[in-house]
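Reader: Hello! I am new to this structure and would love a close look at one part of it, the helix called α9 and what surrounds it in the chain. Could you walk me through that part and then show me how other places compare?

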Amino acid sequence: MKYKIPFSKVVTERKELEYVQDVLNSGWLTTGNVAKQFEKDFSKFIGSKYSLTVNSCTSALHLALNAISTKKGDKVIVPSLTFAASAEVITYLQAEPIFVDIDYDTCLITPEIIQKAIDEHGDIKAVIVVHFGGHAAMMTSDNKKGILDICKENNITVIEDAAHAFPSKLNDVYVGNFGKITCFSFYANKTITTGEGGMIVSDDEKLIEKIRIMRLHGLDKDPWKRHTGEGIKWKYDVILQGFKYNMPDINAAIGLAQLERAEKMRLERQRCAEYYTNELSRIDCIDIPKLKVNFSDHSWYLFTIVVNDKSNTLRDDLMNLLETDGISASLHYRPLHRMTYYKDTYNLDAQDFPNTEKYYHGCLSLPIYPSLKNEELEYIVKSIKKHCVKK
Ligand SMILES: Cc1ncc(COP(=O)(O)O)c(C=O)c1O
């Protein structure tokens with residue numbers, strides 16, 4: 001075996017250590033000045049008005065649904081092809097997830113898919129748009145109705161699950177500037193990381209203020225405000241339902257350093273995606289992602305391929321063969337309509353998700369990260385070409 005290539009690898013540098021050291025030296029380890037700075041810098045990066053740090057994208061999504069007053073029985077559209085977090089937050093509020101199919105070429109939900117769900121299910125409270133793999137969904141469109149148009153017409157609030165989509169753009173605008181609330185993830189394997197963490201972004205000042213309070217026990221004054229403010233330090237009130245979803249400064253310090261290199265790291269992932277695209281697009285038995293955005297507008301969190309029905313090698317076999325060559329591939333995702341809890345609770349039938357099924361049947365995700373070397377990419381492609389044989 002020439003190489004041992006993991007599916008994903010975190011890249012940290014001295015800056016992360018320096019910033020964390022500063023926090024340790026400061027004596028203030030929980031949410032404070034550094035988290036605030038991370039919020040400011042993040043907003044500046046994507047050009048949004050307000051950003052709030054939280055301890056995960058899951059918390060961000062939960063707070064988002066809460067902030068728009070989602071209640072028991074409300075219907076919320078969510079793709080079946082996503083991570084459990086996108087749907088589970090709907091159930092936290094006893095609302096009803098309406099699982100939908102995807103467009104096969106992009107793995108995204110489309111305006112047409114949302115319209116179909118509206119026609120079938122009637123009154124919809126919100127939609128959770130997942131920018132799968134880092135490819136922005138068609139929030140707006142020049143020549144037809146975009147997701148925002150359909151949702152506005154039907155009084156549906158748009159919440160974006162941008163766990164994969166930093167930094168991603170649509171028509172030169174960063175994801176985070178389209179829907180009512182956008183939720184990012186800084187989980188350990190994401191495009192930038194804080195270990196665990198997330199960010200909530202919105203232009204709506206009132207909503208952001210509500211979320212700011214809810215993210216820390218519903219307190220009118222957080223400990224940092226009490227620590228640095230004037231007057232009586234112990235006095236605070238609980239004014240909203242609250243949660244413990246804040247991001248400590250130690251994590252924010254890692255995020256600050258990662259944010260400084262976000263575009264540099266994206267370019268390195270783009271290098272990997274370009275190589276895969278050039279080499280794999282000529283293989284008949286493999287489908288590669290079809291882009292509806294510019295190549296450079298993609299975060300390239302994932303590079304997914306589909307082993308199609310012209311292949312004599314099945315997906316699972318290809319994954320095992322790659323593993324024997326020292327290459328770890330992954331799979332995004334086993335769809336939620338196949339997961340026992342969702343399948344049984346919502347009586348889901350795979351036949352209602354034909355594109356998701358077609359994709360799931362052959363999909364696998366290839367290693368893609370800034371430190372992946374060109375010779376490793378060549379080795380991965382060679383291994384795929386060796387093992388993926390046409391019928
Ligand atoms: C699409 C999607 N949404 C939400 C999440 C949850 O992110 P976090 O781990 O930050 O809660 C993930 C995590 O992988 C994800 O892939």
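Author: Happy to; here is a walk that starts at the helix and then visits salt bridges, surface charges and some backbone details.

A word on the model comes before the tour. This is a predicted model, in which local features need pLDDT of at least 70 and side-chain atom pairs count only at pLDDT 80 or more, while totals for chains, interfaces and linings use all residues. Residues are numbered from 1 along each chain as its sequence is written, and side-chain values use heavy atoms, with hydrogens and water left out.

Let us begin with α9, which covers residues 249–260. Helices here are DSSP runs of H or I with at least four residues, strands are runs of E with at least two, and both are numbered from the N terminus. The expected span of a helix is 1.5 Å times one less than its number of residues. For the 12 residues of α9 that gives 16 Å, and the end C-alpha atoms lie 17 Å apart, so the two values agree.

How much of α9 is covered? Nine of its 12 residues are buried, so the helix is mostly covered. Buried means under 20% relative accessible area, exposed means over 50%, and partly exposed is in between (1.4 Å probe, protein chains only). The buried residues are Asp 249, Asn 251, Ala 252, Ala 253, Gly 255, Leu 256, Ala 257, Gln 258 and Leu 259.

Now look at Arg 261, in the loop between α9 and α10 (262–280). Arg 261 forms a salt bridge with Glu 16, and their closest N and O atoms are 2.9 Å apart. The pair links distant parts of the chain, since Glu 16 sits in helix α1 (residues 14–26), 245 residues away from Arg 261. A salt bridge is a side-chain nitrogen of Lys or Arg within 4 Å of a carboxyl oxygen of Asp or Glu. Both ends are covered: Glu 16 counts as buried because its relative accessibility is 5%, and Arg 261 counts as buried because its relative accessible area is 9%.

The structure holds 19 salt bridges. Another one brings together the side chains of Arg 215 and Glu 39, at 3.0 Å from N to O. This pair also links distant parts of the chain: Arg 215 is in the loop between α7 (205–214) and α8, Glu 39 is in helix α2 (residues 33–46), and they are 176 residues apart. Arg 215 and Glu 39 are both buried.

For a contrast, turn to helix α5 (residues 111–121), where Glu 120 and Lys 116 lie four residues apart, about one turn of the helix. Their side chains meet in a salt bridge of 3.6 Å, N to O. Glu 120 counts as exposed because its relative accessibility is 52%, and Lys 116 counts as exposed because its value is also 52%. Salt bridges that share partners also join Glu 13, Glu 16 and Arg 261 into one network.

On the other side of α9 in the sequence is the loop between α8 (223–228) and α9, and Lys 235 lies there. With a relative accessibility of 47%, Lys 235 counts as partly exposed. Lys 235 gathers with Lys 36, Lys 221 and Lys 225 in a patch of positive charge on the surface. Patches are made of residues with over 30% relative accessible area and no salt bridge, with like charges joined within 9 Å and nonpolar side chains (Val, Leu, Ile, Met, Phe, Trp, Tyr) within 5 Å.

Finally, some backbone details from other loops. The peptide bond from Phe 166 to Pro 167 is cis, with omega near -10°, and Pro 167 lies in the loop between β5 (157–162) and β6 (169–170). A cis bond also runs from His 332 to Tyr 333, with omega near -5°; Tyr 333 is in the loop between α11 (315–324) and α12 (340–345). Gln 94 is not a glycine, yet has a positive phi of about 55°. Gln 94 is found in the loop between α4 (84–92) and β3 (96–100), and counts as exposed at 52% relative accessibility. Asn 171, also not a glycine, has a positive phi of about 50° and is found in the loop between β6 and β7 (173–174). With a relative accessible area of 49%, Asn 171 is partly exposed.

How values were computed:
Areas by Shrake-Rupley, 256 points an atom, 1.4 Å probe, with all protein chains shown as cover. Lys, Arg positive; Asp, Glu negative; His and termini not counted. Charge placed at Lys NZ, Arg CZ, Asp CG, Glu CD.
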